[in-house]
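Subject: Structure for your review

Dear colleague,

Please find below the structure that I am handing over to you. My findings follow directly after it.

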Amino acid sequence: MGFCYAEANTDIWFNDVRIPKRYRIDTEPGQGSKLIKGYVIGLGRLAGAARLTGLSEAVLETCMDWTQNRIIAGKPMRERSLFAATLAEMWRSIEVSRQYYLSITAQVTRPEMYGSPWEAQMKAKFSAARSLAGDTAMMVTNRAMQLMGSAGYAYESHIEKYMRDYKIVQMWLGGAERDRMDMAQGLFGPFKWAGDN
């Protein structure tokens, strides 16, 4: 499916490797874990939200063009109320997704006010941004496919490609379910999950 660069997921192991101090980004014990949680996972999810929102925008633009040129009983398809309402709903979801991830992006630049990227409340916000953008991308691509029918399913429209592509962005750095678990931790944590010792 989308963004496929390798035929298999594999592990890479570095044995007996020493990194000179001048190349390390963590300068005190335990800092590496915070940096991974905040900058790789947290900001990676925020970047995923931006990518998913852009994908949704591309789908909407494709669908807008197609429904303008698809004529039903002498009128462009998008000028029929049912189809116009569907396009408007798609646009609304994209706008909400965009405004939310931009709001969280602004918060990242003010850690003294909102917290460091590795803190639970910020990780919850990064996760919420990616989760919302993922749900939006899923809805928008599905609606576009429905509106465009076989034209949306065909390779030439790229809707089928966007449908494949949004899924991997939803899954990397922990999937949609992990987003929701991290949101709960930021909302009313910290706590251990059932089964944790």
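Among the contacts in the chain with a separation of 6 or more, 72% join residues that are 24 or more positions apart. Please bear in mind throughout that this is a predicted model.

The secondary structure consists of 7 helices and 2 strands, and these follow one another along the sequence in the pattern α-β-β-α-α-α-α-α-α. The radius of gyration is 21 Å, whereas the globule rule gives 16 Å for 197 residues, so the chain is more spread out than a compact globule. Along the principal axes, the C-alpha atoms occupy a box of roughly 70 × 40 × 40 Å. Of the 197 residues, 32% are buried. The accessible surface amounts to about 12500 Å², and carbon and sulfur atoms contribute 57% of that area.

Interior

The largest nonpolar core has 27 residues, and C63 and M90 are the ones that touch the most other members. Two or more residues of this core are given by each of α1, α2 (81-108), α4 (120-148) and α6 (159-171). Helix α4 provides the largest share, with 11 residues. Neighbours within four places in sequence aside, the contacts of C63 are L87, M90, A144, L147 and M148. M90 is therefore both a contact of C63 and, with C63, one of the two core residues that touch the most other members.

A polar residue of helix α2 also deserves a remark, namely S93. S93 has a relative accessibility of 18%, and it therefore counts as buried, the cut-off being under 20%. Residues up to four places away in sequence not counted, S93 touches T136 and M139.

Salt bridges

The whole structure contains 13 salt bridges. Three of them may be of interest to you, and they are described in turn below.

The first joins D182 to K123, with the closest N and O atoms 3.8 Å apart. This pair links distant parts of the chain, since D182 belongs to helix α7 (residues 176-188) and K123 to helix α4, with their positions 59 residues apart. Both partners, D182 and K123, are buried. They also take part in a network of salt bridges that links R45, K123, R130, R178, D179 and D182.

The second is found within helix α6, where R164 and E160 lie 4 residues apart, about one turn of the helix. The closest N and O atoms of R164 and E160 are 3.0 Å apart. How exposed is each partner? R164 counts as partly exposed at 30% relative accessibility, whereas E160 is buried, with a relative accessible area of 12%.

The third is formed by the side chains of R24 and D26, at 2.8 Å from N to O. R24 is partly exposed, with a relative accessible area of 42%. D26 is likewise partly exposed, at 21%, a value that falls just outside the buried class because that class requires a relative accessible area under 20%.

Surface and backbone

Which residues make the nonpolar surface patch of about 630 Å²? The patch is made by I12, F14, V17, I19 and Y23. Y23 is placed in the segment before α1 (31-69). With a relative accessibility of 57%, Y23 counts as exposed.

Two residues call for attention on account of their backbone geometry. Most residues other than glycine have a negative phi. D16, although not a glycine, has a positive phi of about 55°. D16 is located in the segment before α1 and is exposed, with a relative accessible area of 82%. A73 is not a glycine either, and its phi is positive at about 50°. A73 sits in the loop between β1 (71-72) and β2 (75-76). The relative accessible area of A73 is 73%, and this residue is therefore exposed.

With kind regards

Note on methods
Residues are numbered from 1 along each chain as its sequence is written. This is a predicted model: local features need pLDDT of at least 70, side-chain atom pairs count only at pLDDT 80 or more; totals for chains, interfaces and linings use all residues. Side-chain values use heavy atoms; hydrogens and water are left out. Patches are made of residues with over 30% relative accessible area and no salt bridge: like charges are joined within 9 Å, nonpolar side chains (Val, Leu, Ile, Met, Phe, Trp, Tyr) within 5 Å. Accessible areas come from the Shrake-Rupley method with a 1.4 Å probe; for residues, only the protein chains shown count as cover. A salt bridge is a side-chain nitrogen of Lys or Arg within 4 Å of a carboxyl oxygen of Asp or Glu. Buried means under 20% relative accessible area, exposed over 50%, partly exposed in between (1.4 Å probe, protein chains only). The radius of gyration is taken over C-alpha atoms; the globule rule is 2.2 Å times the number of residues to the power 0.38. Contact means heavy atoms within 4.5 Å. A nonpolar core is a set of buried Ala, Val, Leu, Ile, Met, Phe, Trp, Tyr and Cys residues joined through side-chain atoms within 4.5 Å.
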